[in-house]
Amino acid sequence: MKAVVYDKSKSPNALVYQEVEKPVPGDHEVLVKIHAVSINAADYRSMRMGIIPKRKIFGADIAGRVEAVGAACTTFTVGEDVFGDISNCGFGGFAEYVAVPENLLASIPASVSFETASALPMASLTALQALRNQGEIKAGQKVLICGAGGGVGTFAVQLAKHFGTEVTAVCSPANVELVRSLGADHVIDYTKEDFVKSSQRYDLVLGINGSHSLSVYKSILAPKGIFVAVGGGLSQVINAMLFGSILSMGGKKMRFLAAKADTKDLAFVMSLVEAGKIKPIIDRRYPLEKTGEAMQYLSKGHARGKVVIQVVQEE
Ligand SMILES: NC(=O)c1ccc[n+]([C@@H]2O[C@H](COP(=O)([O-])OP(=O)(O)OC[C@H]3O[C@@H](n4cnc5c(N)ncnc54)[C@H](OP(=O)(O)O)[C@@H]3O)[C@@H](O)[C@H]2O)c1
């Protein structure tokens, strides 16, 4: 089969499109013929940090069709369409096939495309778990989403609206109309306006991207407000992990999210997609052989929504 394999000696981007052996599923695994795989910051960050998957193939968010099942599999059968985040079992999505434990996968309804399903796992679950689990989101709250234009942010805006909140989205001018179209009640263009200088206070703030310090985020919280650090600069994320609990003294809470793959959450997000309540925003599509280029584009940090690799060209 064809796959995109990491080889640090190879220019221009250490990702080589080549022939590799097709995987064979173990007893609890299914063999998935991948149709689409979306890229996440986790792919290029792991690569930069030298955390290389065993088979040297990145790609976590897969969508495809079950081609074979292991002897002990009970959930899926051959021909079913499935999707999921396979980062916890060694990645492997930038390929024509992958063998994965069936308990990491959820079903794709007939009305949903492989491309849409591939765009969901990591980004939408990060947004969901940041808002609901760490952020304890409640209808009627004022929510600020900093970094609203990317993979996680575009889901966060839609989910926060779904939960009945008043959403302020922070993004660059290129994404103002996009996030407004996703339901944001107020949009702040960070090149023109510094939300920190506003007198507005928020019940929940998601720090998905941007470079403000924790104390700045704390200053814009309402008295019992919650800040959730999702991403952005590495120092910002480390500070949130190390000092979040100290800064949470008093009524305001400063929390850090470590998103987890979860098939119940996947099914929940998929039910919202199926009902037309949320949708992934696809910025760019690349064929499998151009995965290196796609990774370079995403790693610049200004994608509008998701970047998808079309392993099989859909009709
Ligand atoms: N904690 C977790 O469990 C977890 C899980 C998944 C991802 N993450 C992290 O979450 C972050 C976002 O992931 P992603 O998939 O959404 O990345 P992405 O798709 O690359 O999104 C980047 C977005 O950030 C925006 N941005 C860049 N600089 C900004 C600034 N100064 N202020 C506001 N927005 C800014 C960009 O929009 P503009 O072009 O409009 O600037 C772009 O749309 C990454 O740091 C990732 O590592 C964390």
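Which helices and strands each supply at least two residues of the shell around the ligand? In this predicted model, the suppliers are α1 (41-48), α3 (121-134), α4 (151-162) and β9 (166-171).

**The ligand shell**

The shell counts 34 residues around the ligand. Those that come nearest are G150, G151, S172, G231 and A259. By class, the shell has 16 nonpolar and 16 polar residues, plus two charged ones. Both domains take part: domain 1 and domain 2 each give at least three residues to the shell.

**Two domains**

The domain assignment splits the protein into domain 1 (2-120 + 281-310) and domain 2 (122-256). Domain 1 is thus written as two stretches of the chain, 2-120 and 281-310. The centres of the two domains, taken over C-alpha atoms, are 28 Å apart. Across the boundary, twelve residues of domain 1 are in contact with eleven residues of domain 2. On the domain 1 side of this contact there are six nonpolar, two polar and four charged residues.

The class make-up of three sets of residues is listed here.

| Set of residues | Nonpolar | Polar | Charged |
|---|---|---|---|
| Shell around the ligand | 16 residues | 16 residues | two residues |
| Side of domain 1 that touches domain 2 | six residues | two residues | four residues |
| Contact of α3 with α8 | five residues | two residues | one residue |

**Helix α3 against helix α8**

Two packed helices are described by the angle between their axes and the distance between the axes. The axes of α3 and α8 (residues 263-274) come within 10 Å and cross at roughly 95 degrees. Angles of 65 to 115 degrees count as roughly perpendicular, so α3 is roughly perpendicular to α8. Which residues meet here? From α3 come P121, S124, L125, L128 and Q129. From α8 come D265, L266 and V269. By class, this contact has five nonpolar, two polar and one charged residues. Helix α3 also supplies at least two residues of the shell around the ligand.

**Overall form**

The protein has nine helices and 15 strands. Its radius of gyration is 20 Å, close to the 20 Å that the globule rule gives for 315 residues, so the protein is as compact as a globular protein of that length. Along the principal axes, the C-alpha atoms fill a box of roughly 60 × 40 × 35 Å.

**The loop between β1 and β2**

Two backbone details fall in the loop between β1 (2-6) and β2 (15-19). P12 is found in this loop. The peptide bond from S11 to P12 is cis, with omega near 5 degrees. A14 lies in the loop between β1 and β2 as well. A14 is not a glycine, yet its phi is positive, at about 65 degrees.

Definitions and conventions. Residues numbered from 1 in each chain as written. Predicted model: local features only at pLDDT ≥ 70, side-chain atom pairs only at ≥ 80, totals over all residues. Domains from an automatic or database assignment. Contact = placed C-beta atoms within 7 Å. Nonpolar A, V, L, I, M, F, W, Y, C, P; charged D, E, K, R; others polar. Near = placed C-beta within 6 Å. Helix = DSSP H or I, 4+ residues; strand = E, 2+ residues; numbered from the N terminus. Axes fitted to C-alpha atoms, helices over the stretch in contact; angles between N-to-C directions. Parallel < 35°, antiparallel > 145°, perpendicular 65-115°, else oblique. Rg over C-alpha atoms; globule rule 2.2 N^0.38 Å.
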